Amino acid sequence: MTAVDPSLDSIDSLTGVDALCVVVTDDDRPLTGGAGYIDWRMCGALSRVLLRGFFKGDRGEQLLMPTSGGITAVKLFAVGAGSSKSLDESTFGLLLENAAQMLKRAGVTSVALSLPRAGLDDQKKAEAVKKRFAPMFAPGLTTVFAEKSLRALL
């Protein structure tokens, strides 16, 4: 697993990634962190989907959309997490496990993951990624967009 700073440079330098997986809460607007930068490279396509209400970020929602050439990965999977205030360790772990299973069913072998900035503390986020998401992919085939404090734990 590789952890990188959520930035335009990190997104632009992604290579060998089949898909992006963006965990979206229903109360983080405008999108921030990795999700915000990914949306920027997609010329606001994810924000437009959110504004139209087609996908809201509600817990259990899943969305597949093309990145339309703004990013090397051609597919973006958005996963709804519900309210950032309602995320607890168990819910977040199950959310990441379900997301990884969805990606595997879709034939994704390498993924870049963007986590919401709000919600759980970094220690719990790191544990969930390491135990419930990354094991579904071969070593070295998961990239996580993470702020400095979370990167240190991954």
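Start by selecting strands S2 and S5: the two pair in the parallel sense over 4 bridges. Keep in mind as you click around that this is a predicted model. To pin down one spot in this pairing, pick Leu20 in S2 and then Ala112, its bridge partner in S5.

Now leave Leu20 selected and add strand S4. Here Leu20 has another bridge partner, Leu76. S2 and S4 also run parallel, and 7 bridges join them.

Next, colour S2 by burial. How many of its residues are buried? The strand is mostly covered, with 7 of its 7 residues buried. Show the side chains and look along the strand: Ala19, Cys21, Val23 and Thr25 point one way, while Leu20, Val22 and Val24 point the other way. Both sets are buried, where buried means under 20% relative accessible area.

From here, hop over to helix H2, residues 33-41. Which of its residues should you highlight as buried? Pick Gly33, Gly34, Ala35, Gly36, Ile38 and Asp39. To see what surrounds them, bring up the elements they pack against:

- two helices, H1 (8-12) and H3 (45-52);
- the strands S2 (19-25) and S4 (75-82), which you have already visited;
- the strands S5 (111-114) and S6 (142-145).

Then step just past the helix. H2 is followed by Cys43, and if you check its backbone angles you'll find a positive phi, near 55°.

Time to zoom out and show the whole chain as a cartoon. You should be able to pick out 6 helices and 6 strands. Trace them from the N terminus and the order reads β-α-β-α-α-β-β-α-β-α-β-α.

Switch to the C-alpha trace and turn it around: along its principal axes it spans about 35 × 30 × 30 Å. Why call that compact? A compact globule of 154 residues would have a radius of gyration near 15 Å, and the chain's 14 Å agrees with that. Contacts tell you about the fold too: counting those between residues at least 6 apart in sequence, 72% join residues at least 24 apart.

Finally, turn on the surface. Its accessible area comes to about 7200 Å², and carbon and sulfur atoms account for 53% of that. Across the chain, 47% of the 154 residues count as buried. For a last stop, colour the charged side chains: there are 18 positive and 17 negative ones, and the centres of the two sets lie 2 Å apart.

Note on methods
Residues numbered from 1 in each chain as written. Predicted model: local features only at pLDDT ≥ 70, side-chain atom pairs only at ≥ 80, totals over all residues. Heavy atoms only, no water. Rg over C-alpha atoms; globule rule 2.2 N^0.38 Å. Buried < 20%, exposed > 50% of the residue type's maximum accessible area, 1.4 Å probe, protein only. Contact = heavy atoms within 4.5 Å. Areas by Shrake-Rupley, 256 points an atom, 1.4 Å probe, with all protein chains shown as cover. Lys, Arg positive; Asp, Glu negative; His and termini not counted. Charge placed at Lys NZ, Arg CZ, Asp CG, Glu CD. Pairing = 2+ DSSP bridges.
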